[in-house]
Amino acid sequence: MGQLRRVFGVSTPVRVTAIASLAPLEELEADPFLVDSRSQHAMCARWAAERGYVVARELLVGGVRFDHGALWDGVRPGVDVFVAPSLRVLRRALSSVEEFTAECARRGVRVETVGRAEPSYDAQMKARVHRRLSMPTAGYDGR
């Protein structure tokens, strides 16, 4: 069973908002992990599962301000955690990591990074990411 926190006298699972960076497909060759949001979210999901947390939301953002409503929609102090694969991803996803972490501290919400090594991408993996991102309306699921 997942880890629970007591909020207002009720046991509530720790909820995770997974943050992935929004990077254009043109950057695939130079920095495939920043383009591969699916792998970023999967890394965050593994991190959450290892702790018994529940992924409540997956955000895909690029250069968003720390006070943007999409970040804070439904976030509860003491229950919710923001997680990103790395500080590098957070720097791409947010306009200011420092302002975001300060706002999280002010609101009583933790910010974590997974801190694991990024996957190495060979030509085949890059091709799968390219197909998935370039053909989303054709029903291609990325496998």
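The following exercises, each with a worked solution, concern a predicted model of a protein.

**Exercise 1. Overall architecture**

Determine how many helices and strands the protein has, and in which pattern they follow one another along the sequence.

Solution.
Step 1. The count of elements gives six helices and six strands.
Step 2. Reading along the sequence, one finds the pattern β-β-β-α-α-β-α-β-α-α-β-α.
Step 3. The contacts add a further view of the fold: among those between residues at least 6 apart in sequence, 71% join residues at least 24 apart.
Step 4. The protein has 143 residues, of which 41% count as buried. Its exposed area is about 7,800 Å², and carbon and sulfur atoms supply 54% of that area.

**Exercise 2. The nonpolar core**

Identify which residues have the most contacts inside the largest nonpolar core, and state which elements each supply at least two residues of this core.

Solution.
Step 1. The largest nonpolar core has 36 residues, and those with the most contacts inside it are Ile 19, Trp 47, Trp 72, Phe 82 and Phe 100.
Step 2. At least two residues of this core come from each of the following: strand 3 (15–21), helix 1, helix 2, strand 4, helix 3 (69–72), strand 5 (80–84), helix 4 (87–93) and helix 5 (97–107).
Step 3. A general tendency is relevant here: in soluble globular proteins, nonpolar side chains tend to be buried together.
Step 4. Trp 72 may serve as an example. When residues up to four places away in sequence are not counted, Trp 72 touches, among others, Phe 66, Phe 82, Phe 100, Cys 104 and Val 109. Its contacts also include Arg 57, Asp 67, Glu 103 and Arg 107.

**Exercise 3. Two residues with polar side chains**

Decide whether Thr 17 and Ser 96 are buried or exposed, and find the polar contact that each side chain makes.

Solution.
Step 1. Thr 17 belongs to strand 3. A residue is buried under 20% relative accessible area; Thr 17, at 3%, therefore counts as buried.
Step 2. The side chain of Thr 17 forms a polar contact of 3.2 Å with the side chain of Arg 57. Beyond its neighbours within four places in sequence, Thr 17 is also in contact with Leu 59, Val 81, Phe 82 and Val 83.
Step 3. Ser 96 is found in the loop between helix 4 and helix 5. With 14% relative accessibility, Ser 96 likewise counts as buried.
Step 4. The side chain of Ser 96 reaches the backbone nitrogen of Glu 99 at 3.1 Å.

**Exercise 4. The two faces of helix 6**

Describe helix 6 by its span, its buried residues and its exposed residues.

Solution.
Step 1. Helix 6 (residues 123–134) has 12 residues and reaches 16 Å from its first C-alpha to its last, close to the 16 Å expected at 1.5 Å a residue.
Step 2. The buried residues in helix 6 are Lys 126, Val 129 and Arg 132. These residues lie on the same side of helix 6 because they cover an arc of only 125° around the axis.
Step 3. The cover over these buried residues includes helix 1 (32–35) and helix 2 (37–51).
Step 4. On the face turned away from the buried side, helix 6 carries the exposed residues Ala 123 and Gln 124.
Step 5. At the start of helix 6, a side-chain oxygen of Asp 122 comes to within 3.2 Å of the backbone nitrogen of Gln 124.

Conventions: Residues numbered from 1 in each chain as written. Predicted model: local features only at pLDDT ≥ 70, side-chain atom pairs only at ≥ 80, totals over all residues. Heavy atoms only, no water. Helix = DSSP H or I, 4+ residues; strand = E, 2+ residues; numbered from the N terminus. Expected span 1.5 Å × (residues − 1). Buried < 20%, exposed > 50% of the residue type's maximum accessible area, 1.4 Å probe, protein only. Arc of directions from axis to C-beta. Contact = heavy atoms within 4.5 Å. Polar contact = N/O pair within 3.5 Å; in protein donor to acceptor, adjacent residues only side chain to side chain. Core = buried A, V, L, I, M, F, W, Y, C linked by side-chain atoms within 4.5 Å. Areas by Shrake-Rupley, 256 points an atom, 1.4 Å probe, with all protein chains shown as cover.
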